[in-house]
Amino acid sequence: MVRVILTPPFPAEFFGGQDEHEVSAGDVFALVRALDAIAPGFALAADSRAAIAVNGVAITAWDTPLDPGTEVLFVTRIAGG
């Protein structure tokens, strides 16, 4: 299982306030799909509004593999220059 941590506004907007989840997924794409099955609309929001870190390292490739015990963090992107 992959440990998922969601920062605001994602827990309130999609998951009834729950900010941590345990999900089975082999890569980030499968993880986002699984989370979208729980909370429809999350995949679109993740694609457009979330930055993702796997075990503390920011990633952009959704084909990044996930091993059991991996921690994935979804945070809101911050605009700026």
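Are Phe10 and Phe42 buried or exposed? In this predicted model, both Phe10 and Phe42 are buried. A good place to begin is the second of these residues: Phe42 has a relative accessibility of 0%, and therefore counts as buried, the cut-off being under 20%.

The surroundings of these two residues bring in the aromatic side chains. The structure holds 5 aromatic pairs. In one of them, Phe10 meets Phe42 edge-to-face, with 5.9 Å from centre to centre and 85 degrees between the planes. Because Phe10 belongs to helix 1 (residues 10-14) and Phe42 to helix 3 (residues 42-49), this pair ties together parts that lie 32 residues apart in sequence. Phe42 also pairs with Phe14: their ring centres are 5.8 Å apart and their planes stand at 80 degrees, so this pair too is edge-to-face. Here again distant parts of the chain are linked, with Phe14 in helix 1 and Phe42 in helix 3, 28 residues apart. Taken as a group, Phe10, Phe14, Phe15, Phe42 and Phe74 form one aromatic cluster.

Phe74, a member of that cluster, leads on to the sheet, since its place is in strand 5, where Phe74 stands opposite Leu6. The sheet is open and has 5 strands in the order 2-1-5-3-4, with mixed pairing. At its edges are strand 2 (20-23) and strand 4 (57-59), each of which pairs on one side only. From one strand to the next, the twist averages 30 degrees.

Strand 5 (residues 71-76) shows both senses of pairing. With strand 1 (residues 2-6), the pairing is parallel and runs over 4 bridges; within it, Ile5 has Leu73 of strand 5 as its bridge partner. With strand 3 (residues 50-54), strand 5 pairs in the antiparallel sense over 5 bridges, and Val54 stands opposite Val72 of strand 5. For readers following the side chains along these strands, it helps to recall that in a regular strand they alternate between the two faces of the sheet.

Two helices can then be placed against this sheet. Helix 2 (residues 28-38) packs on the sheet and touches strand 1, strand 2, strand 3, strand 4 and strand 5, its direction making about 65 degrees with that of strand 5. Helix 3 lies across strand 1, strand 3 and strand 5, and runs at about 90 degrees to strand 3. Helix 3 is also the home of Phe42, the buried residue from which this description set out.

Definitions and conventions: Residues numbered from 1 in each chain as written. Predicted model: local features only at pLDDT ≥ 70, side-chain atom pairs only at ≥ 80, totals over all residues. Heavy atoms only, no water. Phe/Tyr/Trp six-rings, centres within 6.5 Å; stacked < 30°, edge-to-face > 60°. Buried < 20%, exposed > 50% of the residue type's maximum accessible area, 1.4 Å probe, protein only. Pairing = 2+ DSSP bridges. Axes fitted to C-alpha atoms, helices over the stretch in contact; angles between N-to-C directions. Contact = heavy atoms within 4.5 Å.
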